[in-house]
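Here's a walk through one protein model, written for someone who likes to know the cut-offs behind each statement. Have the viewer open while you read.

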Amino acid sequence: MDQSRLPDCSILLLAGGRGQRMGGQDKGLIEWHGKPLVAWPHAIARPLTDDLLVSCNRNQERYAPFADRLVGDDEPNFPGPLAGIRAGLAAARHSWLMIFPCDAPLIDKALVAQLYAAAQDEPDTPIMARRGDQWEPLFCIIPVSLACAIETAWHAGERSNREILLTLGARSLDLDENDPRLANLNSPNLLEVALPRGT
């Protein structure tokens, strides 16, 4: 096995939204410093797993090079990120599913390692990043064993990943309040002001 890989961990990049803040554009494919946004978290995740998933609901042919497998929502009209997470949990081949949004190009291997290490401490408990008092529910790692509980909550009407994971006893990965790695570049203004990794 490649020693750089995280044992027993699938990674999901969420790219299935409607891109409202981007005027309906497919966020993951918007160019940022010469690459589509999805390429940045892909570059971090690719060496770390043999099960890299991308959740997308359009432009599948353009996302295919960034994933081992693509997953999509099982309901129409972009029902939100939890739909993509459900699809990822159903498809994951490993015991954990680590999740990042496609418009977070500043994540690094250290953040991945922090999430993974936190999961090792309590392997049956989801971990969510938190900055100060602000939970960051799309930067998380979920035991795949919780997929049935998440499905039950979904069918009961819950659509918030944060609320479901908190109900399931999620622990926080506490990060600095201004940690730039969790920046979501989900609007044209944010894309213009953010700098790429290492600048």
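What follows covers the ground rules, the sheet, one helix, and a handful of individual residues.

## Ground rules and confidence

This is a predicted model, so local features are reported only at pLDDT of at least 70 and side-chain atom pairs only at pLDDT 80 or more, while totals for chains, interfaces and linings use all residues. Residues are numbered from 1 along each chain as its sequence is written, and side-chain values use heavy atoms, with hydrogens and water left out.

pLDDT is the predictor's confidence in each residue, from 0 to 100. The protein chain averages 89, and 85% of its residues reach 70 or more. Among the elements, β1 has the highest mean pLDDT at 98, and helix α7 (residues 188–193) the lowest at 52. Helices (H or I, at least four residues) and strands (E, at least two) are DSSP runs, numbered from the N terminus.

## The sheet

Seven strands make an open sheet with mixed pairing, in the order β5-β4-β1-β6-β8-β7-β9. Two strands pair if DSSP finds at least two bridges between them. The edges belong to β5 (69–71) and β9 (171–175); each has a single partner strand, so one side of each is left without a neighbour in the sheet. From one strand to the next, the twist averages 30°. Angles run from 0 to 180 degrees between N-to-C directions, with axes taken as lines fitted to C-alpha atoms, for helices over the stretch in contact.

Start with β1 (residues 9–14) and β6 (residues 96–101): they run parallel and are joined by six bridges. Leucine 14 has proline 101 of β6 as its bridge partner. Just ahead of this pair, aspartate 8 lies in the segment before β1.

## Around β7

Moving along the sheet, β7 (residues 127–131) is mostly covered, with four of its five residues buried. Buried means under 20% relative accessible area, exposed over 50%, and partly exposed in between (1.4 Å probe, protein chains only). What sense does the pairing of β7 and β9 take? Parallel, over five bridges, with arginine 171 in β9 as the bridge partner of isoleucine 127.

On the β8 side, the strands run antiparallel and five bridges join them. Arginine 130 stands opposite tryptophan 135 in β8. The hairpin of β7 and β8 has two residues between the strands, and glycine 132 takes a positive phi near 60° there. Glutamine 134 is in strand β8 and, at 48% relative accessibility, counts as partly exposed. Its C-alpha atom is separated by 9.7 Å from that of aspartate 174, 40 residues apart along the chain.

## Helix α3 and asparagine 161

Helix α3 (residues 81–91) lies across β1, β4 (52–55), β5, β6 and β8 (134–143), and runs at about 150° to β1. Nine of the 11 residues in α3 are buried, including Leu82, Ile85, Arg86 and Leu89.

Two of those helix residues turn up again at asparagine 161, which lies in helix α6 (residues 161–167). Leaving aside neighbours within four places in sequence, asparagine 161 is in contact (heavy atoms within 4.5 Å) with Leu82, Ile85, Pro137, Leu138, Cys140 and Ile142. Asparagine 161 is buried, with a relative accessible area of 5%. A polar atom of its side chain lies 2.6 Å from the backbone oxygen of proline 137.

## Cysteines and odd phi values

How many disulfides does the structure hold? Zero, taking a disulfide as a pair of cysteine sulfur atoms within 2.5 Å. For cysteine 102, the nearest cysteine sulfur is that of cysteine 56, 9.8 Å away. Cysteine 102 is buried at 3% relative accessible area, whereas cysteine 148 is exposed at 62%.

Most residues other than glycine have a negative phi. Aspartate 8, though, has a positive phi near 60°, and is partly exposed with a relative accessible area of 34%. Histidine 33 also has a positive phi, of about 50°, although it is not a glycine. You'll find histidine 33 in the loop between β2 (31–32) and β3 (35–36), partly exposed at 45% relative accessibility.

Key. Polar contact = N/O pair within 3.5 Å; in protein donor to acceptor, adjacent residues only side chain to side chain.
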